[in-house]
Amino acid sequence: MRRAVFLDRDGVLNRLVARADGTLGSPRSAAGFCLLPGVAAAVARLRAAGLIAVLVTNQPDIARGRLAREELERMHEQLQQEVDLDAIFACPHDDGDGCKCRKPRPGLLLDAARRLRLDLAASFLIGDSAKDVAAGSAAGCHTILVGEQARRSAVGADWTAEDLPAAAALVLRALKPGAAPRAGSPRRAEKVPA
């Protein structure tokens with residue numbers, strides 16, 4: 001069994017985009033898809049440390065009719081050209097669909113663990129929302145919350161970090177012999193500077 005780092009997409013790997021109503025959301029076209037600074041290098045460091053890099057992303061705009069599957073595939077092809085990911089798992093459902101794969105449910109992580117032979121208790125999830133943290137916790141992973149949510153509240157995450165590069169540094173520290181958290185150890189929030 002191998003260790004993995006599960007990565008949320010929007011707000012962790014790529015920038016959120018401004019909507020007409022002033023809110024921020026997932027890009028709906030490859031033209032609007034833009035990586036955040038340091039993401040490719042951070043994922044490369046995690047993979048060099050022996051972790052399997054797995055994208056786990058909710059994409060409800062497919063169910064809502066706002067995003068074509070083909071456009072999502074174009075974005076993911078672009079992402080894979082820029083970031084060395086081992087696998088991509090995407091949930092196309094909306095909240096009301098009752099699927100097992102939509103975070104905060106752990107279905108995406110459980111499916112990835114089964115297919116890729118991953119040790120969830122020795123793996124990490126890096127996300128930017130309470131749903132990400134809940135899915136990672138439900139799957140038994142160590143969780144790291146990044147971004148704006150992390151600045152306001154840890155929402156039950158094991159650790160918080162400014163962004164993916166800072167979260168990667170935290171994971172790499174945890175992987176040092178004797179430093180890795182054990183399953184069942186007390187949860188703790190640790191702010192990690194960028």
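Biologist: Let's start with Leu164: leaving aside its neighbours within four places in sequence, which residues is Leu164 in contact with?
Modeller: Keep in mind that this is a predicted model. Leu164 lies in helix H6, where it is one of the buried residues. Beyond four places in sequence, its contacts are Leu7, Val12, Leu13, Val39, Ala42, Val43, Ile126 and Val146.

Biologist: Which residues have the most contacts inside the largest nonpolar core?
Modeller: That core holds 34 residues. Leu164 touches Ile126, and both belong to the trio with the most contacts inside the core. The full trio is Ile126, Ile144 and Leu164.

Biologist: And which element gives the most to this core?
Modeller: Elements giving two or more residues to it are S1, helix H1 (39–48), strand S4 (52–58), helix H2 (69–82), S6, S7, S8 and helix H6 (164–174). One of them contributes seven residues, the most of any. That element is H6.

Biologist: At the start of H6, which residue has a side-chain oxygen that reaches to within 3.0 Å of the backbone nitrogen of Ala166?
Modeller: Ala166 is among the buried residues of H6, along with Leu164, Ala167, Ala168, Leu170, Val171 and Ala174. The oxygen that reaches its backbone nitrogen at the start of the helix comes from Asp163.

Biologist: Moving to strand S6, which of its residues are buried on the two sides?
Modeller: In a regular strand, side chains alternate between the two faces of the sheet. S6 covers residues 124–127, and both of its faces are covered. The buried residues are Phe124 and Ile126 on one side, and on the other Leu125 and Gly127.

Biologist: In which sense does S6 pair with S1 and with S7?
Modeller: S1 and S6 share three bridges, and Val5 stands opposite Phe124. S6 and S7 (residues 142–146) share four bridges, with Ile126 partnered by Ile144. For S1 with S6, as for S6 with S7, the sense is parallel.

Biologist: What is the handedness of the β-α-β unit made by S6, H4 and S7?
Modeller: The two strands of this unit, S6 and S7, pair in the parallel sense. Helix H4 (residues 130–139) joins them in the unit, and its handedness is right-handed.

Biologist: How many aromatic pairs are there, and is the pair of Phe124 and Trp159 stacked or tilted?
Modeller: The count comes to one aromatic pair. The ring centres of Phe124 and Trp159 are 6.4 Å apart and the planes stand at 35°, so the pair is tilted.

Biologist: How far apart in sequence are the parts that this pair ties together?
Modeller: Phe124 is buried because its relative accessibility is 1%, and Trp159 is buried at 3%. Phe124 lies in strand S6 and Trp159 in strand S8 (residues 159–161), so the separation of the parts they tie together is 35 residues.

Biologist: Now Asp10: is it buried or exposed?
Modeller: Asp10 sits in the loop between strand S1 (4–7) and strand S2 (17–18). Its relative accessibility is 8%, and buried means under 20%. Therefore Asp10 counts as buried.

Biologist: Which side chains make a polar contact with the side chain of Asp10?
Modeller: One polar contact is 2.8 Å, with the side chain of Arg9. Another is 3.0 Å, to a residue in the loop between S4 and H2; that residue, Gln59, is buried at 2% relative accessibility. The partners are Arg9 and Gln59.

Biologist: Why is helix H3 described as largely enclosed, and which elements do its buried residues pack against?
Modeller: H3 (residues 107–116) is largely enclosed by the rest of the structure because seven of its 10 residues are buried. They are Gly107, Leu108, Leu109, Asp111, Ala112, Ala113 and Leu116. These residues pack against S1, S4, strand S5 (87–91), S6 and H4.

Biologist: Last one: is Gln80 buried or partly exposed?
Modeller: Gln80 is found in helix H2. Not counting residues up to four places away in sequence, Gln80 touches Leu85 and Ile88. With a relative accessible area of 42%, Gln80 is partly exposed.

Terms used
Residues numbered from 1 in each chain as written. Predicted model: local features only at pLDDT ≥ 70, side-chain atom pairs only at ≥ 80, totals over all residues. Heavy atoms only, no water. Buried < 20%, exposed > 50% of the residue type's maximum accessible area, 1.4 Å probe, protein only. Polar contact = N/O pair within 3.5 Å; in protein donor to acceptor, adjacent residues only side chain to side chain. Pairing = 2+ DSSP bridges. Right-handed = clockwise from strand over helix to strand, strands pointing away. Phe/Tyr/Trp six-rings, centres within 6.5 Å; stacked < 30°, edge-to-face > 60°. Core = buried A, V, L, I, M, F, W, Y, C linked by side-chain atoms within 4.5 Å. Contact = heavy atoms within 4.5 Å.
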